2 protein chains.
Amino acid sequence: MLRALGEGEWGPGAMIPSEADLAARFGVSQGTVRKAIDEMAAENLLVRRQGKGTFVATHNDPRAFYRFLRLASNDGSVRPTRSVPLSCRHVAATEAVAQALRLQAGDAVVTLERTLNFAGENGEHVVLDEIFLPGDIFGSLTLERLQQEERSLYSVFESWFGVRMIRAEERLRAIPANAHAAALLVVPEGAPLLLVERITYTYGDRPVEWRRGFYNTEHYHYFNELS
Amino acid sequence: MLRALGEGEWGPGAMIPSEADLAARFGVSQGTVRKAIDEMAAENLLVRRQGKGTFVATHNDPRAFYRFLRLASNDGSVRPTRSVPLSCRHVAATEAVAQALRLQAGDAVVTLERTLNFAGENGEHVVLDEIFLPGDIFGSLTLERLQQEERSLYSVFESWFGVRMIRAEERLRAIPANAHAAALLVVPEGAPLLLVERITYTYGDRPVEWRRGFYNTEHYHYFNELS
DNA sequence: AAGTGGTCTAGACCACTCG
DNA sequence: GAGTGGTCTAGACCACTTA
(Lines give C-alpha, C1' and ligand atoms only; values in the text may rest on other atoms or scores of the structure.)
Protein backbone atom coordinates (compact mmCIF):
# COMPACT_ATOMS: atom_id res chain seq x y z
CA MET A 1 0.00 0.00 0.00
CA LEU A 2 2.50 2.65 1.04
CA ARG A 3 5.42 0.77 -0.43
CA ALA A 4 4.83 2.03 -3.93
CA LEU A 5 4.83 5.56 -2.60
CA GLY A 6 7.92 5.08 -0.51
CA GLU A 7 9.86 4.35 -3.66
CA GLY A 8 9.73 7.79 -5.10
CA GLU A 9 7.31 10.28 -3.70
CA TRP A 10 9.27 11.31 -0.61
CA GLY A 11 13.04 11.66 -0.70
CA PRO A 12 15.49 10.24 1.84
CA GLY A 13 15.25 12.05 5.15
CA ALA A 14 12.00 13.75 4.18
CA MET A 15 9.00 13.78 6.49
CA ILE A 16 6.01 11.87 5.25
CA PRO A 17 2.44 13.16 5.75
CA SER A 18 0.88 12.72 9.16
CA GLU A 19 -1.04 9.57 9.99
CA ALA A 20 -4.30 11.49 9.78
CA ASP A 21 -3.48 12.85 6.31
CA LEU A 22 -2.51 9.44 5.00
CA ALA A 23 -5.66 7.91 6.45
CA ALA A 24 -7.79 10.46 4.60
CA ARG A 25 -5.83 9.98 1.40
CA PHE A 26 -6.22 6.21 1.33
CA GLY A 27 -9.70 6.12 2.78
CA VAL A 28 -8.75 3.98 5.77
CA SER A 29 -8.64 4.67 9.48
CA GLN A 30 -5.71 6.13 11.34
CA GLY A 31 -5.11 2.82 13.10
CA THR A 32 -4.63 1.07 9.78
CA VAL A 33 -2.17 3.65 8.54
CA ARG A 34 -0.41 3.33 11.84
CA LYS A 35 0.00 -0.39 11.46
CA ALA A 36 1.35 -0.02 7.94
CA ILE A 37 3.88 2.55 9.12
CA ASP A 38 4.81 0.31 12.04
CA GLU A 39 5.68 -2.48 9.63
CA MET A 40 7.80 -0.24 7.46
CA ALA A 41 9.52 1.18 10.52
CA ALA A 42 10.32 -2.39 11.61
CA GLU A 43 12.04 -2.88 8.25
CA ASN A 44 14.04 0.32 8.76
CA LEU A 45 12.35 1.99 5.82
CA LEU A 46 10.83 4.71 7.98
CA VAL A 47 11.86 6.30 11.26
CA ARG A 48 9.27 7.60 13.71
CA ARG A 49 9.97 10.48 16.05
CA GLN A 50 7.34 11.31 18.58
CA GLY A 51 6.08 14.85 18.41
CA LYS A 52 7.94 15.54 15.16
CA GLY A 53 6.75 13.17 12.49
CA THR A 54 7.68 10.10 10.48
CA PHE A 55 10.68 10.27 8.16
CA VAL A 56 12.07 8.27 5.29
CA ALA A 57 15.14 6.41 6.51
CA THR A 58 18.46 7.71 5.23
CA HIS A 59 22.12 6.81 5.53
CA ASN A 60 22.85 10.50 5.98
CA ASP A 61 21.50 10.33 9.49
CA PRO A 62 24.37 9.94 11.98
CA ARG A 63 22.22 7.37 13.80
CA ALA A 64 22.35 5.13 10.72
CA PHE A 65 25.88 5.80 9.49
CA TYR A 66 27.16 2.36 10.32
CA ARG A 67 23.92 0.40 10.21
CA PHE A 68 25.47 -2.42 8.20
CA LEU A 69 28.89 -2.52 9.88
CA ARG A 70 29.00 -5.33 12.41
CA LEU A 71 32.53 -4.76 13.56
CA ALA A 72 33.47 -4.22 17.18
CA SER A 73 36.66 -4.08 19.17
CA ASN A 74 37.56 -7.14 21.23
CA ASP A 75 38.14 -5.02 24.32
CA GLY A 76 34.82 -3.22 24.00
CA SER A 77 36.27 0.18 23.16
CA VAL A 78 34.54 2.24 20.49
CA ARG A 79 36.68 4.18 18.06
CA PRO A 80 35.72 6.25 15.05
CA THR A 81 36.42 4.71 11.66
CA ARG A 82 37.93 6.25 8.59
CA SER A 83 37.48 5.03 5.05
CA VAL A 84 40.54 5.30 2.77
CA PRO A 85 39.69 4.91 -0.94
CA LEU A 86 42.49 3.17 -2.83
CA SER A 87 41.26 2.73 -6.37
CA CYS A 88 38.22 3.18 -8.57
CA ARG A 89 38.13 1.52 -11.97
CA HIS A 90 35.56 1.00 -14.70
CA VAL A 91 35.62 -2.59 -15.88
CA ALA A 92 33.51 -5.28 -17.50
CA ALA A 93 31.54 -7.62 -15.22
CA THR A 94 33.02 -11.05 -14.67
CA GLU A 95 30.71 -14.02 -14.32
CA ALA A 96 30.76 -13.83 -10.53
CA VAL A 97 30.04 -10.11 -10.42
CA ALA A 98 27.31 -10.39 -13.03
CA GLN A 99 25.57 -13.10 -11.06
CA ALA A 100 25.68 -11.19 -7.79
CA LEU A 101 24.37 -7.96 -9.35
CA ARG A 102 21.99 -9.69 -11.78
CA LEU A 103 23.78 -8.29 -14.82
CA GLN A 104 25.16 -9.88 -17.97
CA ALA A 105 28.82 -10.82 -18.03
CA GLY A 106 30.63 -7.95 -19.75
CA ASP A 107 28.24 -5.22 -18.58
CA ALA A 108 29.81 -2.05 -17.26
CA VAL A 109 30.81 -2.23 -13.61
CA VAL A 110 32.57 0.15 -11.27
CA THR A 111 35.03 -1.51 -8.90
CA LEU A 112 36.24 0.27 -5.84
CA GLU A 113 38.87 -0.62 -3.29
CA ARG A 114 39.19 0.93 0.11
CA THR A 115 40.42 0.16 3.60
CA LEU A 116 38.70 0.85 6.89
CA ASN A 117 40.87 2.40 9.53
CA PHE A 118 40.17 2.55 13.23
CA ALA A 119 41.68 5.50 15.01
CA GLY A 120 43.75 4.70 18.12
CA GLU A 121 47.25 3.89 19.29
CA ASN A 122 48.24 1.90 16.25
CA GLY A 123 45.64 3.11 13.76
CA GLU A 124 45.77 -0.16 11.88
CA HIS A 125 43.87 -1.00 8.72
CA VAL A 126 41.28 -3.53 9.83
CA VAL A 127 39.18 -4.12 6.72
CA LEU A 128 39.98 -4.23 3.03
CA ASP A 129 36.86 -3.89 0.90
CA GLU A 130 36.52 -4.72 -2.80
CA ILE A 131 33.27 -3.20 -3.97
CA PHE A 132 31.44 -3.81 -7.25
CA LEU A 133 28.67 -1.49 -8.43
CA PRO A 134 26.51 -1.54 -11.56
CA GLY A 135 27.94 0.89 -14.09
CA ASP A 136 24.60 2.18 -15.32
CA ILE A 137 23.98 3.83 -11.97
CA PHE A 138 27.45 4.51 -10.61
CA GLY A 139 29.24 5.25 -13.88
CA SER A 140 30.34 8.73 -12.84
CA LEU A 141 32.12 7.61 -9.68
CA THR A 142 35.78 8.62 -9.52
CA LEU A 143 38.56 8.19 -7.00
CA GLU A 144 39.09 11.93 -6.79
CA ARG A 145 35.51 12.64 -5.76
CA LEU A 146 35.59 9.87 -3.16
CA GLN A 147 38.82 11.09 -1.62
CA GLN A 148 37.23 14.42 -0.84
CA GLU A 149 34.39 12.81 1.10
CA GLU A 150 34.22 12.37 4.84
CA ARG A 151 30.87 10.60 5.00
CA SER A 152 30.13 6.90 4.84
CA LEU A 153 30.00 5.25 1.41
CA TYR A 154 26.28 4.56 1.61
CA SER A 155 25.65 8.15 2.58
CA VAL A 156 27.63 9.24 -0.46
CA PHE A 157 25.85 6.80 -2.77
CA GLU A 158 22.53 8.16 -1.57
CA SER A 159 23.45 11.80 -2.12
CA TRP A 160 25.16 11.37 -5.46
CA PHE A 161 23.15 8.64 -7.12
CA GLY A 162 19.87 8.56 -5.22
CA VAL A 163 20.37 4.91 -4.33
CA ARG A 164 19.17 3.98 -0.84
CA MET A 165 20.55 0.71 0.52
CA ILE A 166 17.69 -1.07 2.25
CA ARG A 167 18.95 -4.48 3.31
CA ALA A 168 21.89 -6.79 2.78
CA GLU A 169 22.78 -10.47 2.80
CA GLU A 170 26.17 -11.53 4.07
CA ARG A 171 28.14 -14.75 3.79
CA LEU A 172 31.13 -15.27 6.04
CA ARG A 173 34.10 -17.55 5.59
CA ALA A 174 37.62 -17.88 6.96
CA ILE A 175 40.30 -17.73 4.27
CA PRO A 176 44.09 -17.34 4.08
CA ALA A 177 45.29 -13.82 3.25
CA ASN A 178 46.49 -13.37 -0.33
CA ALA A 179 49.53 -11.22 -1.01
CA HIS A 180 47.51 -8.10 -1.78
CA ALA A 181 45.33 -8.23 1.32
CA ALA A 182 48.26 -9.24 3.51
CA ALA A 183 50.24 -6.20 2.44
CA LEU A 184 47.41 -3.75 3.02
CA LEU A 185 46.30 -5.21 6.35
CA VAL A 186 49.89 -5.74 7.51
CA VAL A 187 49.56 -9.45 8.28
CA PRO A 188 51.64 -12.40 7.03
CA GLU A 189 50.58 -13.91 3.75
CA GLY A 190 48.34 -16.89 4.51
CA ALA A 191 47.19 -15.51 7.86
CA PRO A 192 43.51 -16.25 8.57
CA LEU A 193 41.16 -13.47 7.48
CA LEU A 194 37.43 -13.21 7.82
CA LEU A 195 35.89 -12.88 4.36
CA VAL A 196 32.54 -11.08 4.47
CA GLU A 197 30.71 -11.16 1.15
CA ARG A 198 27.77 -8.81 1.01
CA ILE A 199 25.05 -8.24 -1.54
CA THR A 200 23.17 -5.05 -0.83
CA TYR A 201 19.66 -4.38 -2.10
CA THR A 202 17.67 -1.26 -2.79
CA TYR A 203 13.91 -0.93 -3.33
CA GLY A 204 12.27 -3.76 -5.18
CA ASP A 205 14.97 -6.19 -4.05
CA ARG A 206 17.28 -4.96 -6.73
CA PRO A 207 20.93 -5.81 -5.95
CA VAL A 208 23.08 -2.70 -6.32
CA GLU A 209 26.31 -3.63 -4.57
CA TRP A 210 28.53 -6.65 -4.24
CA ARG A 211 31.20 -6.30 -1.63
CA ARG A 212 34.01 -8.58 -0.53
CA GLY A 213 35.39 -7.48 2.81
CA PHE A 214 38.63 -8.92 4.17
CA TYR A 215 38.58 -8.46 7.93
CA ASN A 216 41.66 -8.74 10.11
CA THR A 217 40.06 -10.12 13.27
CA GLU A 218 43.09 -10.00 15.50
CA HIS A 219 41.79 -7.07 17.56
CA TYR A 220 38.26 -6.79 16.20
CA HIS A 221 35.39 -9.17 15.65
CA TYR A 222 32.14 -9.45 13.73
CA PHE A 223 29.17 -9.49 16.07
CA ASN A 224 25.67 -10.77 15.56
CA GLU A 225 22.47 -11.07 17.56
CA LEU A 226 20.31 -14.15 17.19
CA SER A 227 16.74 -14.37 18.32
CA MET B 1 2.85 -7.28 31.63
CA LEU B 2 2.75 -10.78 30.16
CA ARG B 3 6.48 -11.26 30.44
CA ALA B 4 6.35 -12.26 34.09
CA LEU B 5 3.77 -14.89 33.22
CA GLY B 6 5.69 -16.24 30.28
CA GLU B 7 8.47 -17.20 32.61
CA GLY B 8 6.66 -19.95 34.39
CA GLU B 9 2.95 -20.23 34.02
CA TRP B 10 2.79 -21.92 30.61
CA GLY B 11 5.33 -24.55 29.60
CA PRO B 12 7.22 -24.70 26.30
CA GLY B 13 4.92 -25.59 23.43
CA ALA B 14 1.79 -25.01 25.50
CA MET B 15 -1.08 -22.93 24.20
CA ILE B 16 -1.70 -19.72 26.08
CA PRO B 17 -5.23 -18.47 26.81
CA SER B 18 -7.10 -16.76 23.99
CA GLU B 19 -6.79 -13.04 23.45
CA ALA B 20 -10.28 -12.52 24.85
CA ASP B 21 -9.50 -14.48 28.04
CA LEU B 22 -6.28 -12.57 28.62
CA ALA B 23 -8.06 -9.27 28.02
CA ALA B 24 -10.62 -10.12 30.69
CA ARG B 25 -7.93 -11.31 33.09
CA PHE B 26 -5.87 -8.13 32.88
CA GLY B 27 -8.79 -5.76 32.53
CA VAL B 28 -7.67 -4.38 29.17
CA SER B 29 -9.12 -4.58 25.71
CA GLN B 30 -8.45 -7.34 23.21
CA GLY B 31 -6.48 -4.95 21.03
CA THR B 32 -4.06 -4.23 23.83
CA VAL B 33 -3.50 -7.90 24.55
CA ARG B 34 -3.02 -8.38 20.84
CA LYS B 35 -0.30 -5.77 20.71
CA ALA B 36 1.51 -7.31 23.68
CA ILE B 37 1.39 -10.74 22.07
CA ASP B 38 2.59 -9.25 18.79
CA GLU B 39 5.66 -7.88 20.52
CA MET B 40 6.46 -11.18 22.18
CA ALA B 41 5.92 -13.01 18.92
CA ALA B 42 8.38 -10.62 17.27
CA GLU B 43 10.95 -11.67 19.87
CA ASN B 44 10.24 -15.33 19.12
CA LEU B 45 8.87 -15.91 22.61
CA LEU B 46 5.43 -16.84 21.29
CA VAL B 47 4.21 -18.37 18.05
CA ARG B 48 0.80 -17.49 16.63
CA ARG B 49 -1.14 -19.91 14.50
CA GLN B 50 -4.30 -18.64 12.97
CA GLY B 51 -7.35 -20.65 13.84
CA LYS B 52 -5.50 -22.68 16.48
CA GLY B 53 -4.11 -20.40 19.13
CA THR B 54 -0.93 -18.81 20.44
CA PHE B 55 1.82 -21.06 21.76
CA VAL B 56 4.93 -20.68 23.86
CA ALA B 57 7.95 -21.01 21.57
CA THR B 58 9.91 -24.24 21.92
CA HIS B 59 13.04 -25.76 20.44
CA ASN B 60 11.12 -29.05 20.18
CA ASP B 61 9.18 -27.68 17.24
CA PRO B 62 10.75 -28.89 13.97
CA ARG B 63 10.23 -25.36 12.63
CA ALA B 64 12.65 -24.03 15.25
CA PHE B 65 15.16 -26.87 15.44
CA TYR B 66 17.97 -24.90 13.91
CA ARG B 67 16.88 -21.40 14.78
CA PHE B 68 20.37 -20.39 15.92
CA LEU B 69 22.39 -22.25 13.28
CA ARG B 70 23.44 -19.84 10.54
CA LEU B 71 25.29 -22.37 8.45
CA ALA B 72 24.52 -22.96 4.78
CA SER B 73 26.15 -24.82 1.94
CA ASN B 74 28.09 -22.78 -0.60
CA ASP B 75 26.25 -24.44 -3.48
CA GLY B 76 22.82 -23.81 -1.98
CA SER B 77 22.02 -27.45 -1.24
CA VAL B 78 20.29 -28.25 2.04
CA ARG B 79 21.36 -31.36 3.89
CA PRO B 80 20.29 -32.70 7.27
CA THR B 81 22.80 -32.30 10.09
CA ARG B 82 23.87 -34.80 12.69
CA SER B 83 25.38 -33.97 16.05
CA VAL B 84 28.11 -36.34 17.30
CA PRO B 85 28.87 -35.91 21.02
CA LEU B 86 32.54 -36.51 21.76
CA SER B 87 33.00 -35.81 25.45
CA CYS B 88 31.19 -34.51 28.50
CA ARG B 89 33.19 -33.54 31.56
CA HIS B 90 32.49 -31.83 34.87
CA VAL B 91 35.11 -29.22 35.57
CA ALA B 92 35.76 -25.99 37.47
CA ALA B 93 35.09 -22.72 35.66
CA THR B 94 38.13 -20.90 34.32
CA GLU B 95 38.19 -17.11 34.38
CA ALA B 96 36.96 -16.88 30.78
CA VAL B 97 34.11 -19.32 31.30
CA ALA B 98 33.08 -17.70 34.57
CA GLN B 99 32.91 -14.30 32.96
CA ALA B 100 30.82 -15.48 30.03
CA LEU B 101 28.33 -17.34 32.25
CA ARG B 102 28.42 -14.81 35.09
CA LEU B 103 29.77 -17.34 37.58
CA GLN B 104 32.71 -17.30 39.95
CA ALA B 105 35.97 -18.85 38.80
CA GLY B 106 36.01 -22.38 40.18
CA ASP B 107 32.25 -22.90 40.09
CA ALA B 108 31.02 -26.20 38.70
CA VAL B 109 30.72 -26.27 34.94
CA VAL B 110 29.82 -28.95 32.44
CA THR B 111 31.89 -28.91 29.28
CA LEU B 112 30.74 -30.72 26.22
CA GLU B 113 32.41 -31.37 22.90
CA ARG B 114 30.67 -32.38 19.73
CA THR B 115 30.96 -32.18 15.98
CA LEU B 116 28.30 -31.28 13.48
CA ASN B 117 28.09 -33.51 10.47
CA PHE B 118 26.36 -32.78 7.21
CA ALA B 119 25.09 -35.82 5.39
CA GLY B 120 26.12 -36.14 1.73
CA GLU B 121 28.78 -37.52 -0.57
CA ASN B 122 31.66 -36.95 1.79
CA GLY B 123 29.79 -36.56 5.10
CA GLU B 124 32.49 -34.31 6.46
CA HIS B 125 32.62 -32.83 9.95
CA VAL B 126 31.98 -29.15 9.41
CA VAL B 127 31.78 -27.74 12.95
CA LEU B 128 33.55 -28.55 16.19
CA ASP B 129 31.73 -27.13 19.19
CA GLU B 130 33.11 -26.66 22.70
CA ILE B 131 30.17 -25.97 24.96
CA PHE B 132 30.24 -24.72 28.55
CA LEU B 133 27.15 -24.95 30.76
CA PRO B 134 26.56 -23.90 34.38
CA GLY B 135 26.86 -26.97 36.61
CA ASP B 136 24.02 -26.02 38.93
CA ILE B 137 21.54 -26.55 36.11
CA PHE B 138 23.20 -29.08 33.84
CA GLY B 139 25.03 -31.16 36.49
CA SER B 140 23.35 -34.41 35.54
CA LEU B 141 24.37 -34.29 31.88
CA THR B 142 26.34 -37.33 30.73
CA LEU B 143 27.86 -38.43 27.44
CA GLU B 144 25.85 -41.66 27.49
CA ARG B 145 22.51 -39.87 27.67
CA LEU B 146 23.51 -37.48 24.90
CA GLN B 147 24.61 -40.24 22.58
CA GLN B 148 21.16 -41.76 22.68
CA GLU B 149 19.52 -38.54 21.55
CA GLU B 150 18.53 -37.68 18.01
CA ARG B 151 17.16 -34.21 18.70
CA SER B 152 18.97 -30.89 18.67
CA LEU B 153 20.94 -29.91 21.78
CA TYR B 154 18.62 -27.04 22.64
CA SER B 155 15.66 -29.34 22.31
CA VAL B 156 17.32 -31.76 24.72
CA PHE B 157 18.24 -29.01 27.17
CA GLU B 158 14.65 -27.86 27.17
CA SER B 159 13.21 -31.32 27.83
CA TRP B 160 15.74 -32.43 30.41
CA PHE B 161 16.48 -29.24 32.30
CA GLY B 162 13.58 -26.96 31.52
CA VAL B 163 15.94 -24.31 30.08
CA ARG B 164 14.60 -22.45 27.08
CA MET B 165 17.19 -20.61 25.00
CA ILE B 166 15.70 -17.26 24.05
CA ARG B 167 18.40 -15.29 22.30
CA ALA B 168 22.13 -15.38 21.66
CA GLU B 169 25.05 -13.07 20.97
CA GLU B 170 27.78 -14.21 18.63
CA ARG B 171 31.29 -12.97 17.92
CA LEU B 172 33.09 -14.17 14.83
CA ARG B 173 36.78 -14.30 14.10
CA ALA B 174 39.11 -16.06 11.69
CA ILE B 175 41.77 -18.16 13.43
CA PRO B 176 44.32 -20.82 12.50
CA ALA B 177 43.26 -24.38 13.30
CA ASN B 178 44.94 -25.86 16.37
CA ALA B 179 46.01 -29.52 16.32
CA HIS B 180 42.84 -30.75 18.02
CA ALA B 181 40.40 -28.96 15.73
CA ALA B 182 42.49 -29.75 12.66
CA ALA B 183 42.36 -33.47 13.40
CA LEU B 184 38.61 -33.54 13.98
CA LEU B 185 37.70 -31.35 11.03
CA VAL B 186 40.26 -33.02 8.76
CA VAL B 187 42.11 -29.87 7.73
CA PRO B 188 45.81 -29.01 7.95
CA GLU B 189 46.98 -27.52 11.21
CA GLY B 190 46.99 -23.74 10.84
CA ALA B 191 44.26 -23.74 8.18
CA PRO B 192 41.86 -20.81 8.55
CA LEU B 193 38.77 -21.64 10.61
CA LEU B 194 35.81 -19.47 11.45
CA LEU B 195 35.55 -19.16 15.23
CA VAL B 196 31.98 -18.47 16.36
CA GLU B 197 31.73 -17.65 20.04
CA ARG B 198 28.17 -17.66 21.32
CA ILE B 199 26.63 -16.69 24.63
CA THR B 200 23.07 -17.92 24.87
CA TYR B 201 20.51 -16.41 27.21
CA THR B 202 17.34 -17.66 28.82
CA TYR B 203 14.59 -15.65 30.49
CA GLY B 204 15.71 -12.63 32.43
CA ASP B 205 18.84 -12.30 30.27
CA ARG B 206 20.56 -15.00 32.25
CA PRO B 207 23.49 -16.51 30.30
CA VAL B 208 23.22 -20.31 30.34
CA GLU B 209 25.60 -21.38 27.61
CA TRP B 210 28.97 -20.37 26.29
CA ARG B 211 29.89 -22.01 23.05
CA ARG B 212 33.02 -21.88 20.90
CA GLY B 213 32.31 -23.22 17.45
CA PHE B 214 35.13 -23.96 15.01
CA TYR B 215 33.67 -23.86 11.50
CA ASN B 216 35.39 -25.31 8.48
CA THR B 217 34.16 -22.89 5.84
CA GLU B 218 35.59 -24.64 2.82
CA HIS B 219 32.21 -25.87 1.58
CA TYR B 220 29.90 -24.05 3.98
CA HIS B 221 29.45 -20.47 5.11
CA TYR B 222 27.87 -18.47 7.88
CA PHE B 223 25.02 -16.33 6.57
CA ASN B 224 23.45 -13.23 7.97
CA GLU B 225 20.71 -10.80 7.04
CA LEU B 226 21.17 -7.09 7.69
CA SER B 227 18.37 -4.56 7.69
C1' DA C 1 -1.52 26.20 21.51
C1' DA C 2 -1.25 23.34 17.65
C1' DG C 3 0.55 19.38 15.51
C1' DT C 4 2.84 15.14 15.81
C1' DG C 5 3.23 10.23 17.10
C1' DG C 6 1.92 6.66 21.21
C1' DT C 7 -1.53 4.10 23.53
C1' DC C 8 -5.88 2.24 24.32
C1' DT C 9 -10.79 1.07 23.66
C1' DA C 10 -15.11 -1.52 22.21
C1' DG C 11 -16.77 -3.56 18.70
C1' DA C 12 -17.24 -5.42 13.98
C1' DC C 13 -16.21 -8.74 10.49
C1' DC C 14 -13.04 -12.05 8.12
C1' DA C 15 -9.99 -16.36 7.61
C1' DC C 16 -8.53 -20.48 9.38
C1' DT C 17 -8.92 -24.99 12.11
C1' DC C 18 -11.17 -28.73 13.98
C1' DG C 19 -14.59 -31.72 15.75
C1' DG D 1 -20.60 -24.32 14.06
C1' DA D 2 -17.67 -22.87 17.70
C1' DG D 3 -13.33 -21.10 18.73
C1' DT D 4 -9.14 -19.17 17.36
C1' DG D 5 -6.17 -15.42 15.51
C1' DG D 6 -6.15 -11.41 11.64
C1' DT D 7 -7.78 -7.04 10.20
C1' DC D 8 -10.03 -2.81 10.50
C1' DT D 9 -12.72 1.08 12.46
C1' DA D 10 -13.82 5.63 14.82
C1' DG D 11 -12.76 7.86 18.45
C1' DA D 12 -10.55 9.11 22.94
C1' DC D 13 -6.71 10.66 25.58
C1' DC D 14 -1.65 11.11 26.51
C1' DA D 15 3.39 12.52 25.62
C1' DC D 16 6.48 15.02 23.04
C1' DT D 17 8.03 18.95 20.00
C1' DT D 18 7.92 23.40 18.19
C1' DA D 19 6.62 28.02 17.51
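These questions and answers cover the contact between chain A and chain B in a predicted model.

Reader: How many residues does the contact take from chain A and from chain B?
Author: Contact here means heavy atoms within 4.5 Å. By that rule, the count for each chain is given separately. Chain A gives 30 residues and chain B gives 30 residues.

Reader: What area is buried between chain A and chain B?
Author: Carbon and sulfur atoms give 49% of the buried area. On the chain A side, Asn224(A), Leu226(A) and Ser227(A) supply 26% of what chain A buries against chain B. No other three residues supply more. The area buried between the two chains is about 2600 Å².

Reader: Which residue of chain B forms a salt bridge with Glu225(A)?
Author: The rule finds 2 salt bridges across the interface. It needs a side-chain nitrogen of Lys or Arg within 4 Å of a carboxyl oxygen of Asp or Glu. In the bridge to Glu225(A), the closest N and O atoms are 3.4 Å apart. The partner is Arg167(B).

Reader: Which strand gives the most to the side of chain A that touches chain B?
Author: Polar contacts link 21 residue pairs between the chains, both residues at pLDDT 80 or more. Strands E8 (167-176), E9 (192-202) and E11 (220-226) of chain A each supply at least two residues of the touching side. The top contribution is 10 residues, and it comes from E8(A).

Reader: How do the residues of that side of chain A divide into nonpolar, polar and charged?
Author: The split covers the side of chain A that touches chain B. It comes to 14 nonpolar, 6 polar and 10 charged.

Reader: In what sense do E11(A) and strand E8 of chain B pair?
Author: The two strands pair over 5 bridges, with E8 of chain B spanning residues 167-176. Glu225(A) stands opposite Glu169(B) in E8(B). The sense of the pairing is antiparallel.

Reader: What kind of axis relates the two copies?
Author: Chain A can be laid on chain B by a turn of 180° and a shift of 0.0 Å along the axis, with an RMSD of 0.0 Å. The copies are thus related as by a two-fold rotation axis.

Reader: What percentage of the interface residues of chain A are also interface residues in chain B?
Author: The copies meet through the same surface. That follows because the shared fraction is 100%.

Reader: How many residues apart in sequence are the parts tied together by Glu9(A) and Arg25(A)?
Author: The whole structure holds 36 salt bridges over all chains. In one, the side chains of Glu9(A) and Arg25(A) meet at 3.0 Å, N to O. Glu9(A) lies in the loop between helix H1 (3-6) and strand E1 (15-16), and Arg25(A) lies in helix H2 (residues 19-26), so the pair ties together parts separated in sequence by 16 residues.

Technical notes. Residues numbered from 1 in each chain as written. Chains lettered and ligands numbered in written order. Predicted model: local features only at pLDDT ≥ 70, side-chain atom pairs only at ≥ 80, totals over all residues. Heavy atoms only, no water. Buried area = accessible area lost by both parts, 1.4 Å probe. Polar contact = N/O pair within 3.5 Å; in protein donor to acceptor, adjacent residues only side chain to side chain. Helix = DSSP H or I, 4+ residues; strand = E, 2+ residues; numbered from the N terminus. Nonpolar A, V, L, I, M, F, W, Y, C, P; charged D, E, K, R; others polar. Pairing = 2+ DSSP bridges. Least-squares fit on C-alpha atoms with pLDDT ≥ 70 in both.
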